[in-house]
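The following exercises concern confidence, helix geometry and surface character. Each task is followed by a worked solution.

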Amino acid sequence: MAAPTLQQPSFLLANLKADSTTKPLLQRCHDLVKIIDEYPAKELHVIFPWLVESVFGSLDGIIAGWNLRLLHSRSTEYNVVMEFLNPSGPMMKLVYKLQAEEYKYEIPVNYLPGPLKACIQEGVLPDCPLFHNKLQFPLSGLLTLNIALNPFEFFMFNFAFCLITPKNFPPGQHGGSTDSAYFVLVDIYLKYFLPSEGSVPPSPFSDSRGSVTAPSPRSSSVSFTGYGVHSPSLLKHHIFHQPSVNADPAAQEIWRTETLLQMFVEVWLHHYSLEMYQKLQSPQVKEPFSPTEEHVLVVRLLVKHLHAFSSSLKPEQLSSSPSAHSHTSPLEEFKRVVVQRFVQQKLYLFLQHCFGHWPLDASFRAVLETWLSYIQPWRYTGEKTNVQPDQNRTENRTIPDKWESFVQENLLMYTKLFQVFLNRAVRTDLVNAKNALMVFRVAKVFAQPNLAEMILKGEQLFLEPEHVLHHRQPRGYLTPGQGGSYLSSRQRVVTDMVFRVKSHVYALEGQDCQYKQMFGTDLRGAIMKLIQIIAQARQTAKRISDHSSEVAANNSFLSWFGLGSSDLNSTFPGAEPEESGECLKKTHEFLDRALENLCQIFKLNQGQLTQLISNLGSSQDDGNCKQLPDCIQSDSGLILTDLGRRQIINGLRRFDVPYQGDPELQPIRSYENALLVRLFYRISCLVNHRLGGHMEAVCSRPDFLGRLGRYYLTDPDWTFRLRQSPTSRQTVERSRQPRLSLRPLASYRTLLLLLLLYMLGALLSFGPASSTALILAGGFLYGLLVALFGDKLKTH
């Protein structure tokens with residue numbers, strides 16, 4: 001939306017709107033390039049909001065725009081669009097042209113992320129400087145609050161918001177590809193405006209007005225409340241008394257860098273606050289925002305680039321002391337603080353929400369890799385590290401000591417999120433190779449040499465008693481002029497490290513948080529539980545693999561005659577299609593290596609682990625797998641308990657879930673003759689309809705005749721299988737009704753057997769009638785024997 005100033009009708013805008021419905025995209029881009037070059041800023045100002053909306057879509061998602069999230073390199077329009085939106089392309093040229101003037105464009109506050117919107121509506125100054133002094137108060141009152149953004153901010157807000165706007169994609173298409181135009185543009189913008197080498201190219205137009213106020217570095221004289229990074233007294237400035245801001249001239253060098261990053265972080269990550277997240281723990285609270293897999297993939301791209309950007313800081317600027325970076329350039333200073341100050345807290349709440357609310361399926365891999373990318377900044381330094389693969393093909397990367405401060409200042413990213421992941425892992429089907437891979441990935445990352453020691457040291461620093469810090473100044477950095485001479489150099493370092501860790505934890509979790517140690521006794525018990533579940537999943541994977549091998553061996557060409565398995569679901573019940581063959585081998589390999597890494601991380605005794613697995617193996621025999629999951633009986637059938645659900649997830653026990661409809665109406669098998677199945681079904685229905693009452697009367701008799709009738713007219717095995725499954729009582733009772741079933745005669749197996757018997761009768765000089773009589777007599781005698789001695793045989 002443009003600022004609501006009275007303007008003359010623009011014929012240029014009207015022509016462009018008309019062309020948007022008649023001309024193809026290639027022609028429209030060509031026309032726009034000419035217009036941007038030839039027209040003055042006054043005319044371009046009128047078309048700018050419409051152009052941004054036509055490219056990125058409307059904020060409410062009704063207008064799709066150019067569908068950058070669906071545009072791929074295979075499309076003929078891809079190259080033209082990328083050239084038009086390039087940081088040095090025509091669209092950005094238009095932005096800079098308008099930036100040189102005092103034009104502003106409004107965004108309704110309702111489209112801002114939840115915590116940011118809540119701050120503004122409550123009259124509290126947001127902690128993000130990007131939105132300071134931007135509030136507009138319309139005549140209609142506070143219900144239609146807007147923020148006024150300069151052209152660059154307006155462009156970047158719409159570009160970032162395009163990712164999270166709900167879109168109605170065409171059938172068969174969905175976002176999420178890393179080769180889409182949107183994903184590639186994010187990467188290009190990050191590399192251009194946050195360069196690892198050199199500086200941001202200057203704007204082609206002079207810009208003395210469109211400035212962005214950089215967050216000023218904290219002064220050493222600022223007093224903090226406790227250990228929190230942000231003091232409530234510093235944040236709760238009333239929004240109606242916004243102070244005037246004089247932009248620091250040195251900050252103008254990186255104003256576009258800060259604007260782009262803050263806009264990306266606010267729009268993509270700032271959907272949860274600490275208070276909001278604590279409320280979300282209640283199941284009655286509806287989620288305010290649910291990220292998609294595509295959203296998470298873009299966030300991971302941002303995280304990876306920020307690590308590379310921050311790691312490109314010159315070695316002499318790595319020190320955190322004020323004297324070390326007092327004469328650095330704004331871009332170098334920005335690299336030093338970018339991750340901790342701009343990203344850490346919002347990303348932590350974003351990941352914590354994803355860990356707790358994401359479905360328990362393989363799509364969680366995107367969230368997992370985003371987390372692992374953040375906690376491994378050393379992977380994106382561009383430095384060559386010596387990698388020595390061991391027998392298990394894991395990578396032994398020794399983490400340089402310089403990353404110890406990063407681990408300590410991001411302690412919760414390692415410890416708290418690991419514990420939340422542990423809670424997910426014990427509820428996940430680890431027989432699935434994709435889920436097993438995720439457990440292996442986490443174990444492998446935390447098993448890197450030095451990392452566990454760094455985390456343990458960070459926890460020890462956080463647990464330091466308060467009296468250790470009694471000499472600490474309010475800021476926490478002690479120089480000789482501030483009384484640092486009273487402490488030794490080592491004491492000052494330890495005091496500073498303790499303050500950093502405590503500040504980090506209290507800022508992210510609140511002053512009253514109850515910290516749970518990663519290497520404490522409570523979590524050790526949870527790790528042993530995970531190891532037990534991993535061992536159970538390994539055995540289940542092996543059992544599925546063995547069962548699949550047996551089925552494959554049995555299903556030879558003889559199955560055409562019905563000599564193979566007659567079960568439609570011949571694979572192991574509960575197994576997914578990918579859980580066979582090579583996938584099961586990968587599952588076993590991933591879980592084996594995950595066990596080794598967990599033992600390495602938590603210093604577990606290999607002998608105890610072996611004993612635990614062997615005891616589990618001896619108790620989980622094949623007979624146990626035939627037992628029902630833990631459940632209770634109700635009027636509507638069996639109901640699973642929590643223990644039963646866990647048994648099913650890990651493949652320890654299972655229900656046999658048979659076909660629950662009319663057995664006569666099951667799908668025709670490949671080993672049955674379709675014509676005979678239909679013919680015999682009609683004959684059976686006719687007989688059952690006419691003689692059903694007589695058959696039920698015979699089968700209800702307690703004498704020998706009743707047993708003989710039940711053998712021929714009921715299927716006790718079918719009723720038993722229904723009892724062993726979560727089936728309603730009505731279905732079981734319906735299956736007990738006696739009926740004549742001629743369907744077995746339509747099986748090729750039965751037909752082949754009858755053919756062989758008739759051939760044998762012909763060899764013995766029996767005619768067809770005699771052979772038929774002998775076959776019927778044999779079947780009847782077999783039924784008599786079963787009726788007489790069947791119960792005794794079952795007892796023995």
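**Exercise 1.** Determine which elements of the chain have the lowest and the highest mean pLDDT (the predictor's confidence in each residue, from 0 to 100).

*Solution.* Helices are DSSP runs of H or I with at least four residues, numbered from the N terminus. Helix H9 (residues 232-235) has the lowest mean, 33, and helix H14 (residues 365-374) the highest, 97. For the chain, the mean pLDDT is 78, with 72% of residues at 70 or more. Over residues 470-487 the pLDDT is below 50.

This is a predicted model, in which local features need pLDDT of at least 70 and side-chain atom pairs count only at pLDDT 80 or more, while totals for chains, interfaces and linings use all residues. Residues are numbered from 1 along each chain as its sequence is written, and side-chain values use heavy atoms, leaving out hydrogens and water.

**Exercise 2.** Compare the span of helix H12 (residues 293-311) with expectation, and assess its burial.

*Solution.* The expected span is 1.5 Å times one less than the number of residues. For the 19 residues of H12 this gives 27 Å, and the end C-alpha atoms are 27 Å apart, in agreement. Of these 19 residues, 14 are buried (under 20% relative accessible area, 1.4 Å probe, protein chains only), so H12 is largely enclosed by the rest of the structure.

**Exercise 3.** Repeat the analysis for helix H10 (residues 255-268).

*Solution.* H10 has 14 residues and reaches 20 Å from first to last C-alpha, close to the 20 Å expected. Because 14 of its 14 residues are buried, H10 is largely enclosed by the rest of the structure.

Key
Helices (H or I, at least four residues) and strands (E, at least two) are DSSP runs, numbered from the N terminus. Buried means under 20% relative accessible area, exposed over 50%, partly exposed in between (1.4 Å probe, protein chains only). Contact means heavy atoms within 4.5 Å.
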